[in-house]
Amino acid sequence: TIPESGIDYPVLQSNVEDPEYYLRRDYRGNYDINGSLFLQADCILGESKNLTIYGHNMNSGAIFGNLDLYAGEDYYNAHRFAYLQTEDSIQEYRIVTVLKADRNLFPFQQKLPDVAAVQEYLKAAKQREVFETGDDYLKCIYDKVLTLVTCSYEWRGARNIVLAVPVSGAVWSQKCS
C-alpha cells in the first residue's frame, strides 16, 4: 500500500520456474490483462536484502500505473511512505529515491548479499535519480531495501524504479530520519 496513490494490492509470488506467472494473472491464477503485483521469484521474505516488486504500468492507474508519477517532485514529496504487510507484520518504508533506468543502467534485480551491498545499491541509485531527493538516507545503514519496478516508455527496456528503506531497522550510524 502507498496511501493516496491508488496502489493498494496484494503482492503475490510465483516460483523460479515461472517467475512472471502473475504478470497477466490475478490472485486466483485467472487471466487478467492488469496482472498482479508480484515479488521477484527468488526473493525470500525475512531474508532477502532487496525485496523487488513488479507490476504493470496501466494507463488506468491500476496496479503500478501511478508509480511513474513519482518522477514529479511534488508527487514524491506528497507520497513518501509505503507499507508491506506480510503474515507476520506490517513494515513501513520511506521512499527515498526515484529512477528511470533499465537493467543495464541500474541492476535492480540483483540479490544483495549483505548490509554493505545494500548501501552500495542505494549509493548507485542516488547517482541515477530523476531529481535531487536529498541524501540524508545515505547517512544511515539499512539491512534491506524495497524496490518497486514498472515499465517506462522513454526507451526500449526503460523502467520506473522507486526505492524505499525501512523506517525501523536502520542501524543508527549518524542522525537517521
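# Exercises on strands and ring pairs

At 13% relative accessibility, Phe131 counts as buried. The exercises below use a predicted model.

**Exercise 1.** Find the aromatic partner of Phe131 and give the geometry of the pair.

Solution.
- Step 1. The partner is Tyr76, with ring centres 5.3 Å apart.
- Step 2. The planes stand at 75°. Over 60 degrees counts as edge-to-face, and the Tyr76 and Phe131 pair is edge-to-face.
- Step 3. Place both residues in the chain. Tyr76 belongs to helix α1 (residues 73-78), while Phe131 lies in the loop between α2 (115-126) and β6 (145-151). The two are 55 residues apart, and their pair links distant parts of the chain.
- Step 4. Check the burial of Tyr76. Its relative accessible area is 1%, so Tyr76 is buried.

**Exercise 2.** State how many aromatic pairs the model has, then describe the one formed by Tyr70 and Tyr75.

Solution.
- Step 1. The count comes to 6 aromatic pairs.
- Step 2. Tyr70 and Tyr75 are edge-to-face, at 5.1 Å centre to centre with 85° between the planes.
- Step 3. Compare each accessibility with the cut-off for buried, under 20%. Tyr70 has 0% and is buried. Tyr75 has 16% and therefore also counts as buried.
- Step 4. Elsewhere, ring pairs join Phe38, Tyr54 and Phe108 into a cluster.

**Exercise 3.** Decide whether strand β5 (residues 90-101) is largely enclosed, and identify strands that pair with it.

Solution.
- Step 1. Of the 12 residues in β5, 9 are buried, so the strand is largely enclosed by the rest of the structure.
- Step 2. Take strand β4 (residues 81-85). It is antiparallel to β5 and joined to it by 5 bridges. One bridge pairs Gln85 with Ile90 of β5. The connection from β4 to β5 is a hairpin of 4 residues.
- Step 3. Take strand β7 (residues 159-166). It also runs antiparallel to β5, with 8 bridges between them. Val98 has Val162 in β7 as its bridge partner.
- Step 4. Add the general rule for side chains. In a regular strand they alternate between the two faces of the sheet.

**Exercise 4.** Locate Ser168, classify its exposure, and give its distance from Glu154.

Solution.
- Step 1. Ser168 is in the segment that follows β7.
- Step 2. Partly exposed covers the range between 20% and 50%. Ser168 has 48% relative accessibility, so it counts as partly exposed.
- Step 3. Between Ser168 and Glu154 the separation is 14 residues in sequence and 35 Å in space, C-alpha to C-alpha.

Technical notes:
Residues are numbered from 1 along each chain as its sequence is written. This is a predicted model: local features need pLDDT of at least 70, side-chain atom pairs count only at pLDDT 80 or more; totals for chains, interfaces and linings use all residues. Side-chain values use heavy atoms; hydrogens and water are left out. Buried means under 20% relative accessible area, exposed over 50%, partly exposed in between (1.4 Å probe, protein chains only). Two strands pair if DSSP finds at least two bridges between them. Rings of Phe, Tyr and Trp (its six-membered ring) pair if their centres lie within 6.5 Å; planes under 30 degrees apart count as stacked, over 60 as edge-to-face and the rest as tilted.
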